[in-house]
Amino acid sequence: MIHEEILHSLEFDKILAVVAGFANSDATRKAVQAIVPLASRAEIETRFGQVEEVRRLARLGISLPLAPFEDIAELMALVRPEGAVLNPSDLVPFIPVLRIMAAIARQFGYRTDIPLLRELAGHVTGFPHILEPLEASLDSEGNILDTASKLLFEIRTTKRALTARIRKRLEEIVREKQTAIFLQDDFITLRGGRYVIPVRMDSKGMVQGVVHDVSNSGETAFMEPLEIIGLANELENLVAEEKAEMIRILREICRSIREEADELEIQFTAVVQLDLVNGIARFANLIGAEVPVISDQPVIRLREARHSLLMLLQRERGGREVVPLDLELGTAPDAADISAGQGAPSNLMVITGPNAGGKTIALKTTGLLLAMALSGIPVSAAATSVFPLVDQLLVDIGDEQSIEASLSTFSAHIANIARILAGADGKTLVLLDELGTGTEPGQGAAIACAVLQELQEQGALVLATTHLTDIVGFVHRTPGMVNAAMEFDPATYSPLYRLKAGEPGQSHAIEIARRYGLPERVIAVAQGMVGRLDTEFHALLAELKEKSHRHDEALAELAQRDRELAGKERLLGERLAAAEVQRRETVENALQEAREIVQNARREMNVVIEEARAERRREARQRLDEAERQVEERLREMRPEAYLDLDLIAEGDVVFVRSLGCDATVAAVDRKRGRFRVRAGQLELEVDLADAAPRTGKGAPSKEARRRAAAEETLSRELNIVGLRVDDALPEVERFLNRASLEGLGEVRIIHGKGTGALMRAVRTYLDGHPLVREFRKGEPFEGGEGATVVTLG
């Protein structure tokens, strides 16, 4: 657990303040301010994944459907008691929240590329049965709309009409001569909810009505004319009915919210968390942050790391670019460390260098980025950076460079270090600034070396800064410890803010003092007082740095050659890949052309075959029709037609109707015209006597038979290939199109279903350019939507 005061000393709260600036509600801002390092690697990586999904959508030009909304937690508490009714203004905040929920449900409903965001908020529905009444009932100011209910609309319509009648009559009254002479003025106003006119006090007895108020001067009586009192009473009744209906509407809405209170709070929490993730993503985009690697091993690897607050400050105010920090702890040492006898992994690093050279910033950058990474916030470092999943971050930092930090006494430093020693273990990162200072240098260095040795034995990762050369020597001699320096330009006596591992730094105190104007005589005295051994130590250190510099130049030259060789290999690989792609495209184009030739030939062959078959069918049908006609003629010759006597036909008789082809019941007889009305099933029509014959026992077709006939007609206009493979389906489509074209059908439907979409795409590709197809489109919702294709034949 990382304590709040430690996060504060690393200015983590300032990072959270920037993230909170992107929040859309107070509830989200509270959630952001409550962010602390997460306990497990799974939680951290889940939040990283959620943030990256938001950033990926942003790169596609898609933003989450978030907008400003209020915290409804307190309102939910107010509405929970049974029978509670909120004011309209208290219900208004629910509308934007529910709209955001509905928009999230729509966006997440069809996306499959944001699994972590769907896990976070995929259960959000938006409660349309609550949102729709709210939108229909309330405006943004909390006024209840006429559309809240049919009854309210009728009451208000009647109320407005009655109010207009009252005002119109009052306007007529104030214009009447017999009344106007007694008025103080010709306006109409309200007193106590009643419409009144201003009458002179000395003439109030001349106007019939009721006095509801008197002016402050006492010269005007506000009277309600007698003839509108009935209308005004009716208006008051409407006002009461309106109020009752408004209360009923509010009670119904509150009841709906109360019934869904638990689920509504769950979904509101999901919206707040989604807003929090969105804020983190926007912050990460602002500073160009990346998702680092979280390791279960005690390893820190910073690549191109920058202090996030310095980046924000540089972005806001301009100035020089923030120098990146590269740092490794807990990893195998480089060649320089091995040559110095430090073959073991270095879990402890001591940074030395001049004042204002960036030592403390290196500590704070490491601590702040670790806190961000463990909180699931992308860091201002390269994606190859690695942070350990530590249980504790223990810090002793107190320098003048921090705005919020103050100088600590030696005793306060020692007390803090004692607490660090008591709590450090193998899952701890320790940051110690200006170790060994604040007391006599010899004793301070001795205490510092003992502290470093104890922390190393406890297995903690340690990053410390110091100016004491005794500590530098101890670290150089101890396996598992490594010195590092903040680089300094000896020509300009200015810091370069770059960390160099494997060698100690120099304070350059005398050179900096000379640069900042200390008198030369004082400088000379100071140089004379510096011990000979100390001078030799720094001369040896300078020589070591020079050799290290030449070594680095040689390594850089080799690295440059490696990069050039890698570039040439990459270029050669790209050219080979391009040639292979071009070869494949050529082969694919040739195969595609061959496929089109075969398909066109197949279509033409099928058309010819179907035309031949159709011609044979027409000839056969004509022969059958002719044979049937001859048989009917022979039958008529052999069996004279039976006719009915109209005088013998009565209502209720059953006769055979030739035009219907079935028996029908006589409903009415018109003997003058020689006609009668019959009923067959649900069909009723008037027929001539010549169209009737004695009953045959052949009944009217049933509803099921008629339905089957209609279905057969429908089936002839559509083809169902659901479940078929593409290779099996396309020949069926070809035969269906040929048959439909021969039958003269103008429009047909092919049902292929949705599924993976492969069959749909294959059918539509096949239809595109087909000689029998004029155009095609996807089906309307009632035609099957995307699961069907409607084809217009040309």
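Q: Is Phe-69 buried or exposed?
A: This is a predicted model: local features need pLDDT of at least 70, side-chain atom pairs count only at pLDDT 80 or more, and totals for chains, interfaces and linings use all residues. Residues are numbered from 1 along each chain as its sequence is written, and side-chain values use heavy atoms, leaving out hydrogens and water. Buried means under 20% relative accessible area, exposed over 50%, partly exposed in between (1.4 Å probe, protein chains only). Phe-69 has 6% relative accessibility, so the verdict is buried.

Q: What geometry does the pair of Phe-69 and Phe-268 have?
A: Phe, Tyr and Trp rings (six-membered for Trp) pair if their centres lie within 6.5 Å; planes under 30 degrees apart are stacked, over 60 edge-to-face, the rest tilted. One aromatic pair passes this rule. Its ring centres, in Phe-69 and Phe-268, are 6.0 Å apart with planes at 90°, so the pair is edge-to-face.

Q: How many residues apart in sequence are the parts tied together by this pair?
A: Helices are DSSP runs (H or I, at least four residues; strands E, at least two), numbered from the N terminus. Phe-69 sits in the loop between helix 4 (41-59) and helix 5 (73-79), and Phe-268 in helix 13 (residues 261-287). Phe-268 is buried too, at 8%. The pair therefore ties together parts whose separation in sequence is 199 residues.

Q: Which ring does the charged end of Arg-191 sit over?
A: The test needs NZ of Lys or CZ of Arg within 6 Å of the ring centre and within 35 degrees of the ring normal. For Arg-191, the distance to the centre is 4.1 Å, and the ring belongs to Phe-222.
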